Amino acid sequence: MDNIANINKIYSAGTPRFALSKKIYLIMTKITVAKGDGIGPEIMDATLDIILAAGAKIEIDEIEVGEKVYLAGNTSGISPESWETIRRNKIFLKAPITTPQGGGYKSLNVTTRKFLGLYSNVRPCRSLHPFVNTKHPVMDIVIIRENEEDLYAGIEHQQTDEVVQCLKLISRPGCEKIVRYAFEYAKQQSRKKVTCFTKDNIMKQTDGLFHQVFDEIAKEYPEIENEHWIIDIGAAKLADTPEAFDVIVMPNLYGDVLSDVAAQITGSVGLAGSANIGEECAMFEAIHGSAPRRAGQNAANPSGLLQGAIMMLNHIGQTEVAEKVQNAWLKTLEDGFHTYDIFNAKTSKLCVGTKEFAKAVIANLGNKPSTLKPVSYASNAALNLPKYKRKPAAHKTLEGVDVFVHWNGTDPAELAAKIKSIETNGSKLTMITNRGIKVWPDGFKETFCTDHWRCRFKPEGQTAFDKKDIIILLANAVNENIDTIKTENLYAINGKAVYSLGQGQ
Ligand code: NAD
């Protein structure tokens, strides 16, 4: 075995430095590369040309993922051999891929993030005023998006003729990991404030947990300002006055939507990169998609993927190369060499294609911007966060059950009379809701009702609820020809009820 191979064996992919006589020598890091679909191959070639010209010490294992793999009959868009390569190398640079519409294909992006435990999605969005036209000249924010859960759990069911459901799952480990990441990132990058966006005025349990964990962890970082915004007004403020924000942490779906908005208002969605970070592996990409209409035209802006690659270089410890590429990129934008998406007669000199843009960045390697602030990445290595430790089990008591029913009638009083026939000694019907709004007892005749009803059963008085009653309720429903579609247990954790009331209750 040669020396490099030996060193590679000793050091994991995440720590590819070898120190000798005080000087740091970079050793080769093996990375997995997927060129993707649409504009993917063009922007990946441009990105690799630039970082290799800058001296990136990477060895490339290329894999095929995406449209061709999906259409060849693999519904996951990736082969088992490609998974092996990704897991072995641990570092993945991925161009955008097309998820074919219809046919039930799952997004490979979401699958990769979840399979590999890439819980943190980091998306910096910074204005390049006066060189790239923007209404927000001093914007410099980083969106930290939770990357594994929320509505992206992808658990959906049609339950009745009229109603489909998507489960929104938010976990304490998920919240703690992402919020801690946001504060540690802010600390490393000397950023002043972390803002949290949620909709916990409506989703008191799920978004409520995210907000609660944010408040808990914020206390451990007194030197960093913290604040919480309800997502709707927060998003409006972000689109109008982005300079009011610094680092923003949020659940998955909000982060997906708002990071596109944030990138677009810096000048183009084609400018922003994204790092997907896990405890073992990491994936780097552009935030945008495969833009199929622009494919094969040498027109796409490679900057988003290049920004992803720069984050990758920092992550694997090649911070000097990362810094050199970023300064050359800033200088190229200053020089006015712009792809079509950011071309503006007032601020641009030349509208260039993907390849020409890459050549201009390569020609600028070693140069620094003169108006924009040059970057310094000396302290930009991967964050080393503690592993999540499970908390001691809480005291959980069962207080009742919600039984969901498919019923085609319209009068809630009629349904209540039917449902009362399945009551047991220990569980009585206390409420019926339709799409969350209470319709019995004391509903409004104006409330529109679908065929999807939630019937809440609780014991009378102080009696404890017996789990066996759920089985008896369901058996009674079968006997009474009532179409039950699911149940949800109603728990109290450490004495506090942790389920939603009916709206209007
Ligand atoms: P998109 O981001 O691909 O493109 C939207 C528009 O933005 C394009 O038409 C183009 O005008 C512009 N644009 C995007 N990237 C650009 C670039 N680098 N340079 C210049 N202009 C650029 O969004 P879409 O059209 O909604 O999605 C297309 C496909 O991409 C879909 O199949 C979708 O599933 C997939 N997608 C993949 C990823 C990913 O791989 N991470 C992310 C989002 C969407």
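Me: Why is the second largest pocket said to lie between domain 1 and domain 2?

Reply: In this predicted model, residues of domain 1 (1-118 + 267-378) and of domain 2 (135-261) both contribute to the lining of the second largest pocket, so the pocket lies between the two domains. The space in the second largest pocket is about 990 Å³. Its lining comprises 39 residues, and Tyr185, Gln189, Arg191, Tyr377 and Asn380 lie nearest the centre. Among the elements giving two or more residues to that lining are strand S6 (120-126), helix H6 (172-188) and helix H11 (319-334).

Me: Which element gives the largest share of the lining of the second largest pocket?

Reply: H10 does, with 5 residues.

Me: How many residues in the lining of the second largest pocket are nonpolar, polar and charged?

Reply: The lining has 24 nonpolar, 11 polar and 4 charged residues.

Me: What makes the pair formed by a nitrogen atom of the ligand and the side chain of tyrosine 340 a polar contact?

Reply: The ligand nitrogen is 2.8 Å from an N or O atom in the side chain of tyrosine 340. The cut-off for a pair of N or O atoms is 3.5 Å, so this pair counts as a polar contact. By the same cut-off, a ligand oxygen at 2.7 Å from a polar backbone atom of alanine 291 also qualifies, as does a ligand oxygen at 3.0 Å from a polar backbone atom of serine 290.

Me: How much of the accessible area of the ligand does the protein cover?

Reply: The protein covers 70% of the 820 Å² that the ligand has on its own. The ligand is surrounded by 19 residues, with Ile97, Gly289, Ala291, Asn301 and Tyr340 the closest.

Definitions and conventions
Residues numbered from 1 in each chain as written. Predicted model: local features only at pLDDT ≥ 70, side-chain atom pairs only at ≥ 80, totals over all residues. Heavy atoms only, no water. 1 Å grid on protein atoms, 1.4 Å probe; cavity = no way out; pocket = protein on both sides within 12 Å on 5 of 7 lines; lining within 4 Å. Points joined across faces, edges and corners; volume = space filled by probe spheres on them. Helix = DSSP H or I, 4+ residues; strand = E, 2+ residues; numbered from the N terminus. Nonpolar A, V, L, I, M, F, W, Y, C, P; charged D, E, K, R; others polar. Domains from an automatic or database assignment. Near = heavy atom within 4 Å. Polar contact = N/O pair within 3.5 Å; in protein donor to acceptor, adjacent residues only side chain to side chain. Areas by Shrake-Rupley, 256 points an atom, 1.4 Å probe, with all protein chains shown as cover.
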